[in-house]
Amino acid sequence: MGQGVLMSGAADIDFMVHGVFPYQLFGQTVWITTTHVCVLIVMLVIIGFCIAANRIVKRASEVPGTFQNIVEMVVEMLDKMIGGVMGKFSPQFRNYIATIFIFILLSNISGLFGLRPPTADYGVTFPLGIITFVLIFVNKLRYQKVKGFIAGLCDPWPIWAPINVIGDVAVPISLSLRLFANVLSGTVMMALVYALLSKIAIIWPAALHVYFDLFSGAIQTYVFCMLTMTYITDACTTE
């Protein structure tokens with residue numbers, strides 16, 4: 001699958017994004033990279049889980065099995081988290097927040113299974129920030145109208161408008177860079193461990209994977225979604 005997709009522990013491993021195979025599109029050479037491959041794997045896992053969950057829910061029994069318990073626990077956890085932050089606005093954005101939460105979490109912890117985390121590529125995190133930015137902008141116009149939107153830019157004085165515009169534009173950049181930098185730093189650390197200590201990198205790096213991939217990955221997922229919900233809720237608030 002190409003160098004960099006699998007964390008094999010070889011001495012020549014690195015943390016860069018690599019091309020897997022090229023193809024021609026409108027006369028231009030376009031590369032399928034390790035990021036594309038890893039994103040596809042994560043998406044297939046999510047789709048497979050959703051299909052299985054859909055079948056289980058349709059055949060739900062009064063005495064739930066293990067998988068049904070897992071599905072219900074995930075849904076209840078996400079509903080509680082989203083409802084606690086977004087309140088009355090949560091039904092409108094539950095699907096989006098739950099989707100990015102699951103996608104980012106699985107992407108972050110994919111390093112545990114030998115993949116290069118897709119979120120260690122800025123080409124993945126920046127579009128997520130852009131989607132959030134668009135939702136913020138659209139809902140500001142929807143709930144606050146043009147008058148409220150302009151009033152917010154001029155708060156507390158009109159002279160502050162340029163600074164407020166910069167602050168709004170910085171939202172997708174800060175969201176995406178925070179997630180990207182934290183996940184990439186863990187990827188870099190693990191690549192250095194395997195490259196420099198390959199002869200003795202046996203078993204004990206698992207503890208580092210638990211921290212960088214599982215613990216840090218879960219924290220960054222929560223932070224990204226929490227900030228997204230906060231920004232969107234603030235945009236929907238008319239007071």
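1. Contact order. In this predicted model, residues 24 or more positions apart account for 65% of the contacts with a separation of 6 or more in the chain. Of the 239 residues in the chain, 35% are buried.

2. Overall architecture. The chain contains 6 helices and 2 strands. Their order along the sequence is β-β-α-α-α-α-α-α, with both strands thus preceding the helices. The C-alpha trace spans about 65 × 55 × 40 Å along its principal axes.

3. Helix 3 against helix 6. Helix 6 comprises residues 205-236, and its axis comes within 8 Å of the axis of helix 3. The two axes cross at roughly 160°; since angles over 145 degrees count as roughly antiparallel, helix 3 and helix 6 are therefore roughly antiparallel to each other. The crossing of helix 3 past helix 6 is right-handed. In composition, the residues of this contact comprise 16 nonpolar, 5 polar and 1 charged.

4. Helix 1 against helix 3. Helix 1 covers residues 34-58, and the axes of helix 1 and helix 3 come within 10 Å, with a crossing angle of roughly 125°. That angle makes helix 1 oblique to helix 3. Here too the handedness can be stated: helix 1 passes helix 3 in a right-handed crossing. On the side of helix 1 the contact is made by V39, V42, V45 and I46, and on the side of helix 3 by I102, F103, L106 and S107. These residues divide into 7 nonpolar, 1 polar and no charged.

5. Salt bridge between helix 2 and helix 3. The structure holds 2 salt bridges. In one of them the side chains of D79 and R94 meet, at an N to O distance of 2.8 Å. D79 belongs to helix 2 (residues 66-86) and R94 to helix 3 (residues 90-109), so the pair ties together parts that are 15 residues apart in sequence. How exposed are D79 and R94? D79 has 31% relative accessibility and counts as partly exposed; R94, at 31% relative accessibility, counts as partly exposed as well.

6. Salt bridge between helix 4 and helix 5. K140 forms a salt bridge with D168, and the closest N and O atoms of this pair are 3.8 Å apart. A reader applying another cut-off should note that the criterion used here is a nitrogen-oxygen distance within 4 Å. The pair links distant parts of the chain, 28 residues apart, with K140 in helix 4 (residues 122-153) and D168 in helix 5 (residues 161-196). Is K140 buried or exposed? K140 counts as buried because its relative accessibility is 16%, and buried means under 20%. D168, by contrast, is partly exposed, with a relative accessible area of 24%.

7. Environment of S176. Which helix holds S176? S176 lies in helix 5, the helix that also contains D168. The relative accessible area of S176 is 0%, so this residue is buried. Leaving aside residues up to four places away in sequence, S176 touches Y122, T125 and F126. S176 is also 8.5 Å from I130, C-alpha to C-alpha, although 46 residues separate the two in sequence.

Methods:
Residues are numbered from 1 along each chain as its sequence is written. This is a predicted model: local features need pLDDT of at least 70, side-chain atom pairs count only at pLDDT 80 or more; totals for chains, interfaces and linings use all residues. Side-chain values use heavy atoms; hydrogens and water are left out. Helices (H or I, at least four residues) and strands (E, at least two) are DSSP runs, numbered from the N terminus. Buried means under 20% relative accessible area, exposed over 50%, partly exposed in between (1.4 Å probe, protein chains only). Axes are lines fitted to C-alpha atoms, for helices over the stretch in contact, and angles run from 0 to 180 degrees between N-to-C directions. Angles under 35 degrees count as roughly parallel, over 145 as roughly antiparallel, 65 to 115 as roughly perpendicular and the rest as oblique. A crossing is left-handed if the near helix is turned anticlockwise from the far one by less than a right angle, and right-handed if clockwise. Ala, Val, Leu, Ile, Met, Phe, Trp, Tyr, Cys and Pro count as nonpolar, Asp, Glu, Lys and Arg as charged, and the others, Gly among them, as polar. Contact means heavy atoms within 4.5 Å.
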